[in-house]
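Please open the model in a viewer and keep the selection tool at hand. The tour below proceeds from one selection to the next.

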Amino acid sequence: MSGVAEPRSVRNMFMEAEQYSMPLMERVRLDTLVTVVDCTTFRTYMKSASLANTDESPELYYRTEAERKEREMKDDEPSTLLDMLYDEEPGYRGGVCDLLVEQTEIADIVLLNKIDIANEELEATKEIISAFNPRAKVIATSFGRVESLDVIVGACNGRGVSVDGVVDEHKDYVMAADTSNCSDPECTDPTHSHDHSHSHSEGESASSPRDDAPHSHSHEHSHSEECDEPGCTDTSHSHSHSHSLDEGSHAGIGSFVYRSRRPFHPERLVDVLRLLPVVRGVPDPSGSQGRDDLASDETTRVFNSILRSKGFAWTADSNIKALYWSHAGSSFEMQCLGR
């Protein structure tokens, strides 16, 4: 994928075609998703607050101003089959940062292009890409050239992200984060937890740059007090707290997992979400408790350092909605995925 291609939409189209047994699927299949990343501009665009449409980000659609004018002069009637498939307004509906994250995460192979002129941006971009998509194979290129097409074409044999869904992706990311935070150098068991967990949270994962990296620290504490969750009588599970943070890399990108059986308080959650450095999807302040005391200098610094956070959540005002939390750069969205 490159430009404004939307890998999630492409994958969904193929999945729907399979579901409806379209005859075309007897001849074609979606096998391997490849994303090309411009190392010289990736980090700049990750900080962008612009929408990924022709008005705010025309450089994503047109190579030159002349090309833009030429396309605008063309007849509005669709001229290709691909154009006819899209009956909506042209342009990606989200922000530039959302588009970059989607293209990076929904990929089996990522080509880090323009390494010949990337200089110091190369290592920083590579670390961010690896944090966003620990499953992808990363290949450094110049002018998009690879040694052989065999490393790309049909590389996944139909067993990559083309057959995954949101839940599958989430499980893979959580496992990767758990494994990366394990403090035991000899541990290779992916089945047990190496998580950064709390008893008062819901499944979340995040990636953020660390100003003090390389750095590592860990501490643990447990409480034997009785569970304070209303109605909880299960003595077989643990309500202990454990913290584990092992971060050290060239760009200082760290990941952690946040878990809990207890739901979020909806109004308190809004107060916390408003600390994120986002300009789209900011929760309405009328739904919060107005906790201005939360915005300390240290808290603001920590939240401003978060590049990506996502996961499943539930709030105390509803026990039947499965919410999906997605924050990327300057955008935030929480939507109901099911009941």
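Select Cys336 to begin; in this predicted model, the residue counts as partly exposed because its relative accessibility is 36%, which lies between the limits of 20% and 50%. Next select Cys39, which is buried, with a relative accessible area of 0%. As for disulfides, a search of the whole structure finds 0.

Now turn to the largest nonpolar core, which has 17 residues. Select Val37, Phe42, Met46, Val110, Leu112, Ile129 and Phe132, the residues with the most contacts inside this core. Two or more residues come from each of helix H2 (42-46), helix H5 (96-105), strand S2 (109-113) and helix H7 (121-132). Which of these elements gives the most to the core? Helix H7 does, with 4 residues.

Within this region, centre the view on Ile129. Leaving aside residues up to four places away in sequence, Ile129 touches Val37, Phe42, Thr104, Val110, Leu112 and Val138.

Another core, of 11 residues, lies apart from the one just visited. To find this second core, select Phe264, Leu273, Val278 and Phe303, which are among its members.

The last stop concerns aromatic rings, for which the count comes to 4 aromatic pairs. Select Trp325 and Phe332: they form an edge-to-face pair, 5.4 Å centre to centre, with 85° between the planes. Are these two residues buried or exposed? Both Trp325 and Phe332 are buried. Finally, add Phe264 to the selection; ring pairs link Phe264, Trp325 and Phe332 into a cluster.

Notes:
Residues numbered from 1 in each chain as written. Predicted model: local features only at pLDDT ≥ 70, side-chain atom pairs only at ≥ 80, totals over all residues. Heavy atoms only, no water. Core = buried A, V, L, I, M, F, W, Y, C linked by side-chain atoms within 4.5 Å. Buried < 20%, exposed > 50% of the residue type's maximum accessible area, 1.4 Å probe, protein only. Contact = heavy atoms within 4.5 Å. Phe/Tyr/Trp six-rings, centres within 6.5 Å; stacked < 30°, edge-to-face > 60°. Disulfide = S-S within 2.5 Å.
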